[in-house]
Amino acid sequence: MFSFSQASTPEIVAFVIFVIAVLHTFSATIFAKFAETSKHHAGFWHLLSEVEVVFGFWAFVLIIALIITTDKTYAINYLESRNFTEPLFVFVIMVMAASKPVLETVNAVVRFLAKLIPINRSLSTYFLSLSLIPLLGSFITEPAAMTLAAMLLKDRYYHHNLSTKFMYATIGVLFVNVSIGGTLTHFAAPPVLMVAGKWHWDTVFMFTHFGWKAALAVLFNATVLTLLFRKEILDRLGNSLHQIQTKSRVPLLVAAVHLLFLVGVVFFAHHPVVFMGLFLFFLGYTEAYKKHQNRLILREGLMVAFFLAGLVCLGGLQQWWIQPTLKGLEPNALYYLATALTAITDNAALTYLASLVEGISDEFKYAVVSGAVTGGGLTVIANAPNPAGMSLLKSFFPNENVSPLYLFLAAALPTIVAILAFRLL
């Protein structure tokens, strides 16, 4: 186990600030109440009530604290040593995936498949949004799947004033299903990407050891939730989804170009110089064909990137306690510990630190990765795509805030399903 006596001053400072940041995410509603009552500083309190701001804000505090406790050179060198590829990628893929041509293409596929399911269209579309699209995350990446699913749920369901219970249950299952739904391949889920190369895991390995189990859990979670809220969906929506089909269509060529941009960004996901160049080209293309576009979610994407970048900064100095905590545990205990730790750390950071442990068994590797993806829906910080989903859906929740406690409770049952899938199958 870890010991504070073995930690350096910067590591202890980073640990304290990290704990404060985690507590801040769970108390964002308190700052929202301060914003309502404050006469002179409502804007500041509102800023601190935005969950996407939390880790970025405390990352700035960390850098200032490092300058004070060490020196400017150490702080700058540490900041420049961080890899911000993931925040940049999530920003780009989120904006592209939420563009009108991509959304209409996904809508068309979902409508076609919904017709093949012999139930009410509102129910079949809801089921596919929580099952098919999260599983597509194994191919188009989890952040893209989260964005697409959240946009579909937002446009087709959340806009219809469904109950708060429905909204929390939906976002809980969505977060869990996206987290485990990316394990069918070795290149789409961030926690898998961190270890696949070093441990020589390919898509065949992922599907045979993780993917089919995850797929069964995703389908089960989506089916149960659809049945649980069947009456509410039918009462509120009925066949109103058919009205969406009457909207103007985006030309096939424009949609194809958008999809090519999306594929290019996914293909060069580890090369920010390339995918950022593609993104700038994409922005020019959307401006040239403005009449076929809706507003790009640049603000939402930047907020999510800010959140993830802050997590990268704060997480970089947590290795001293996470790695010893993982090392030496037997696989069964390690699985549950990884699930729990994921709730307070990014699951990709967790698996990356596990990959640094030498001489580990195959059982250790399976336990830490399956545990990391299992717990990826319990909190907004547990999985990189979660802030994207929350950013797109939070405006429909009371006080425009997703309660961390209610999110945890909503994700608990689908997480238990994932546990049963990974431990018993």
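**Helix pairs and hollows in a predicted model**

Reader: Where should I start? How do H18 and H22 cross?

Author: This is a predicted model. In it, the axes of helix H18 (residues 331–342) and H22 come within 12 Å and cross at roughly 155°.

Reader: OK, and what does that angle tell me about H18 and H22?

Author: Angles over 145 degrees count as roughly antiparallel, so H18 and H22 are roughly antiparallel to each other. Their crossing is right-handed.

Reader: Which residues make the contact?

Author: H18 brings Pro-331, Asn-332, Tyr-335 and Tyr-336, while H22 brings Ala-418, Ile-419, Phe-422 and Arg-423. By class, that contact has six nonpolar, one polar and one charged residues.

Reader: Cool. Let's switch to H7 and H8. What's their angle?

Author: Helix H7 (residues 100–116) packs against helix H8 (residues 121–140) at about 120°, and their axes are 9 Å apart. That angle makes H7 oblique to H8.

Reader: Left-handed or right-handed crossing there?

Author: H7 passes H8 in a right-handed crossing. On the H7 side, the contact is made by Val-106, Val-110, Leu-113, Ala-114 and Lys-115. H8 adds Arg-121, Ser-124, Thr-125, Leu-128, Leu-132 and Ile-133.

Reader: And how does the contact of H7 with H8 split by class?

Author: Seven nonpolar, two polar and two charged residues.

Reader: New topic: holes! How many cavities of 30 Å³ or more are there?

Author: The count comes to one. About 90 Å³ of space lies in the largest cavity.

Reader: What lines the largest cavity?

Author: The lining is Thr-25, Phe-26, Val-51, Thr-379, Val-380, Ile-381, Met-390, Val-402, Ser-403, Pro-404 and Leu-407. Helix H1 (9–26) and helix H22 (404–424) each supply at least two of the lining residues.

Reader: Oh, H22 again! What classes are in that lining?

Author: The lining of the largest cavity has eight nonpolar and three polar residues, with no charged residues.

Reader: What about pockets? What volume does the largest pocket have?

Author: About 860 Å³. The largest pocket is lined by 30 residues, and the closest to its centre are Asn-83, Glu-86, Met-194, Val-312 and Ala-348.

Reader: Which elements give two or more residues to the lining of the largest pocket?

Author: Helix H6 (85–97), helix H11 (190–199), helix H16 (298–315), helix H17 (319–326) and helix H19 (347–355).

Reader: Last one: how many charged residues are in the pocket lining?

Author: The lining of the largest pocket has three charged residues, along with 18 nonpolar and nine polar ones.

Terms used
Residues numbered from 1 in each chain as written. Predicted model: local features only at pLDDT ≥ 70, side-chain atom pairs only at ≥ 80, totals over all residues. Heavy atoms only, no water. 1 Å grid on protein atoms, 1.4 Å probe; cavity = no way out; pocket = protein on both sides within 12 Å on 5 of 7 lines; lining within 4 Å. Points joined across faces, edges and corners; volume = space filled by probe spheres on them. Helix = DSSP H or I, 4+ residues; strand = E, 2+ residues; numbered from the N terminus. Nonpolar A, V, L, I, M, F, W, Y, C, P; charged D, E, K, R; others polar. Axes fitted to C-alpha atoms, helices over the stretch in contact; angles between N-to-C directions. Parallel < 35°, antiparallel > 145°, perpendicular 65-115°, else oblique. Left-handed = near helix turned anticlockwise from the far one by under 90°. Contact = heavy atoms within 4.5 Å.
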